[in-house]
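Trainee: Could we go through this model together, with the meaning of each term as we meet it?

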Number of protein chains: 2
Amino acid sequence: MKKPTDLTVDTWISLIKAQKIAFSTVESSLKRHDLPPLNWYDILLELKRVGADGLRPFQLEKELLLPQYGISRILDRMEEKGYLARKACENDGRGHRLIITDKGLEILAKMWPVYSDAIETAVGSKLNPKQAKVAVEILSQLID
Amino acid sequence: MKKPTDLTVDTWISLIKAQKIAFSTVESSLKRHDLPPLNWYDILLELKRVGADGLRPFQLEKELLLPQYGISRILDRMEEKGYLARKACENDGRGHRLIITDKGLEILAKMWPVYSDAIETAVGSKLNPKQAKVAVEILSQLID
DNA sequence: TGAATGTCAATGCATATGCATGTATATATT
DNA sequence: AATATATACATGCATATGCATTGACATTCA
């Protein structure tokens, strides 16, 4: 197998490090404000987007790149907090539809200002628009 | 506080996603080969670099961006596996020096081929050198 | 010197995660 | 239809992590 160049290794290292720093900036800001973690935000946002129809857990799994059992347990906690409801699925007895509640919409709205400030701090303030554009292009290439 | 632009948010999202995918590619490859996780590699590599003098846990903490208690417990496991030794520190009774063992050097050597292949798969094969260079530049800016 | 404060590292307890498996339902095969 | 296989989701158990605190030593400063 082809060995990575030093440049490739440097890219890998800076990717990991940059993400770690940015992520912990954002996550810890949420925590400081007594708000739920990022995953919860992502889930709630997806659920808000699709509205009353809701989504099935396995759809979230694909969207959010989380393991099945991870989703299952996050949903437990979110349901317990009243941020979403699991309703039986009519056409598939195995599944549920996940519906965001009013309380879920509320917390989503509360999270965004904190979340967005942190994104600006961790990313926006450190790159000019041209760099950001290039970053999106390059990082997207790592995604597919 | 300044709100992030859509471009900034896109950058944030692709950063998180790209890292998640690359990281899990690498980490799961190590796991498949019954090798220790990435953190262990980083620690062992640092220890190898400094040689017989060893390093103190708090130095690793800064280097690797891990919490103090995280380090402490990783070191427990690594010591248990015989990959490193904690020796009392002569000039500071609170601390230890961490010394890599032969077994540690061995596992490090075993890990690299798997690790490097995975880096090549996750990063090297997806970017041309010019892009990699730009990526390092931009990501580095997120680090300081 | 010795009392107060700071630093290094470990740990008890609560919570989260990974892995393997279980339960229920759906789909495919004969 | 009966059986085998696949999919959706949950969960028991072991392990890992986060947080707060402790214990041991170092440093500062009155």
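Mentor: We will take the pair of chains, then the surface near the DNA, then chain A.
Mentor: This is a predicted model, in which local features need pLDDT of at least 70 and side-chain atom pairs count only at pLDDT 80 or more, while totals for chains, interfaces and linings use all residues. Residues are numbered from 1 along each chain as its sequence is written, and chains are lettered from A and ligands numbered from 1 in the order in which they are written.

Trainee: How do you know that the two copies are related as by a two-fold rotation axis?
Mentor: Copies are superposed by least squares on the C-alpha atoms of residues with pLDDT of at least 70 in both, and chain B falls on chain A with an RMSD of 0.0 Å after a turn of 180° and a shift of 0.0 Å along the axis. The two copies are therefore related as by a two-fold rotation axis.

Trainee: What makes a residue count as near DNA strand C, and which come nearest?
Mentor: Its C-beta atom, placed from the backbone, must lie within 6 Å of the strand; of the 21 residues around DNA strand C, the nearest are A:G93, B:F58, B:Y69, B:S72 and B:G95.

Trainee: What share of chain A is called buried?
Mentor: A residue is buried if 20 or more other C-beta atoms, placed from the backbone, lie within 10 Å of its own, and 28% of the 144 residues of chain A count as buried.

Trainee: How many helices and strands does chain A have?
Mentor: Counting DSSP runs, with helices (H or I) of at least four residues and strands (E) of at least two, numbered from the N terminus, chain A has 6 helices and 2 strands, in the order α-α-α-α-β-β-α-α along the sequence.

Key
A residue is buried if 20 or more other C-beta atoms lie within 10 Å of its own, exposed if 12 or fewer, and partly exposed in between; C-beta atoms are placed from the backbone.
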